[in-house]
Amino acid sequence: MDAKTENQTIPLAVDLDGTLIAADLLWECLFKLIRRNALFLFMVPYWVAVGGKIRLKQEVFSRVDVDPTKLPYREEVLDYIRAEKSKGRKIILATASAQHIAEKIAAELGLFDVVIGSTSKVNLKSKDKTAYLVKEYGDGGFDYMGNSRDDLAVFDASHKSIVVAPDKHARQWAKSHSAETLADGGPATFKEYLKMLRVHQWAKNVLIAVAPILDHRIFDFTMIMYVVGAFFAFSFLASSVYVFNDLFDLAIDRTHSTKRKRPLASGRIEPATGIKVALCLIGLSVLITTLLPSMFAVVLVVYFIATTAYSLKVKRWLLLDVLTLAGLYTIRVVAGAAVTFTPASFWLLAFSVFFFLSLALVKRFVELDQASIDEKKRLSGRGYRPEDKSIIAQSGIASAFASILVLALYIQSDAVFELYEYPFLIWPICPLVLYIIMRVWILANRREFYDDPVVFIISDWRSQIMIALGAILMLVAGLLEAGGTLFV
């Protein structure tokens, strides 16, 4: 068939990644493999150097299994395929993913008559896919559903093109050729990129300012600049980790009631794009860090190693996950001390560990409370089961009271008497902090709390009032300090 046919019963070829499913299986399986064993990360350059993308796919897909029942199928595409199949059309699954994976997906859906995928010798994408389809069905002898730049050559050789959730290249092609489109929600918005980076979580990084504030250095311009720089260095690095964390957890997030709406899990932003953004953020963080004291760089490296380990493995380990979370919050306080050459006192670190351990436990409490799983079954991606909820609550509240005890002992310590002439003025800070943390627990128990606890405290107006009152008490006590050294 040399001329483009007008026969409406010609086969319909359907792409898999990004078209039939809102995902890219190669990236998804690669991150699963690295999460299973981080050492595989060092094998990727070798596989690519030795055999290119064909070798990479062969190695990854041979080691990672795909459950076709849990893939994010596009309902619009499935409905289209079903309608065409009911007309008696031959339906072809034509994908650059591995042949054996494509066959599993086809068997699950029961919609495809022919399945063609990549093998150890052929990477079935773009020109190779075009050549195969033209050889089998002729130039213009098939319709094609695709979504990306790699599909442009196939579009040109097809009788009719249906462009699905297109990237910018496919969208331009569809517009210039007046092609039919499906599931086109438009390009990812700036707001969706901010959501991917979880910019609202940057609020946690105000903890960097805790040490210099407590050391009465709030009007030292150099210290302010250091704190601001450290804030953005931490924030950029943290956002890059959030991106990689979402990539590692794509399959898990899709089973979650709210996390499935995240830009990466929903397919609104492609994994490759997410990786590029994350690497740029790491570069910006490193650039800012070179302008700050070297000790801050050491703390930032420790944070990156710890939070990466948390994302890869630790967050799935019982109790070690919340202890690590508490440590990650405390590292922010240490970073503030390091960047401003402020000593991090034993009292501050002890308070931070207990206080943030309580908040980490409330986070797990909420996750368990929201989960719809039976007893004896673990929460997806965590080491906890429903029957653990009561002990988590007890431990979290006990940790909250321990933090208040440490705070009370600190207020009565020699360190405070050196800073304040009238330390009794800051005693009300204890009930103020207790109010904040107990309110979080009460709201969690009422199922009225769903946010990250630190972000909630910083953004909640009642908590803001308590924080403001505490700041006023410290300011007044400082102003009354003998010698007037508050602003030195």
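Begin with the whole protein chain in view: among its contacts with a separation of 6 or more, 67% are between residues 24 or more positions apart. The model is predicted. Its protein chain has 488 residues, of which 51% count as buried. Along the principal axes, the C-alpha atoms fill a box of roughly 95 × 50 × 40 Å. Switch to a ribbon display, and the secondary structure comes to 21 helices and 6 strands. If a surface is drawn instead, the accessible area of the chain is about 23,000 Å², and 63% of this belongs to carbon and sulfur atoms.

**First stop: strand β5**

Select residues 160-164, which form strand β5. Is this strand enclosed or open? Of its 5 residues, 4 are buried, so the strand is largely enclosed by the rest of the structure.

Now add residues 143-146, which are strand β4; this strand runs parallel to β5 and is joined to it by 4 bridges. To see one bridge pair, display Tyr 144 together with its partner in β5, Ser 161. Next, add helix α6, residues 152-157, which makes a right-handed β-α-β unit with β4 and β5.

Continue with strand β6, residues 180-182, which is parallel to β5 and joined to it by 3 bridges. Here Val 164 stands opposite Leu 182 of β6. To follow the chain from β5 to β6, select helix α7, residues 168-177; this β-α-β crossover is right-handed.

**Second stop: two backbone angles**

Most residues other than glycine have a negative phi. Select Ser 126, which is not a glycine and yet has a positive phi of about 50°. Ser 126 lies in helix α5, residues 126-137. With a relative accessible area of 22%, Ser 126 is partly exposed.

Then select Leu 319, where phi is also positive, near 70°. Where does Leu 319 lie? Its place is the loop between α14 (294-312) and α15 (320-339). The relative accessible area of Leu 319 is 47%, so this residue counts as partly exposed.

**Third stop: a nonpolar surface patch**

Finally, select Tyr 422, Phe 424, Trp 427, Trp 461, Ile 465, Leu 469, Ile 472, Val 476 and Leu 480 and show their surface: these residues make a nonpolar patch of about 860 Å². Tyr 422, one of the residues of the patch, is found in the loop between α18 (414-419) and α19 (429-445). Tyr 422 is partly exposed, its relative accessible area being 34%.

Methods:
Residues are numbered from 1 along each chain as its sequence is written. This is a predicted model: local features need pLDDT of at least 70, side-chain atom pairs count only at pLDDT 80 or more; totals for chains, interfaces and linings use all residues. Side-chain values use heavy atoms; hydrogens and water are left out. Patches are made of residues with over 30% relative accessible area and no salt bridge: like charges are joined within 9 Å, nonpolar side chains (Val, Leu, Ile, Met, Phe, Trp, Tyr) within 5 Å. Accessible areas come from the Shrake-Rupley method with a 1.4 Å probe; for residues, only the protein chains shown count as cover. A salt bridge is a side-chain nitrogen of Lys or Arg within 4 Å of a carboxyl oxygen of Asp or Glu. Helices (H or I, at least four residues) and strands (E, at least two) are DSSP runs, numbered from the N terminus. Buried means under 20% relative accessible area, exposed over 50%, partly exposed in between (1.4 Å probe, protein chains only). Two strands pair if DSSP finds at least two bridges between them. A crossover is right-handed if, with the strands pointing away from the viewer, the path from the first strand over the helix to the second runs clockwise. Contact means heavy atoms within 4.5 Å.
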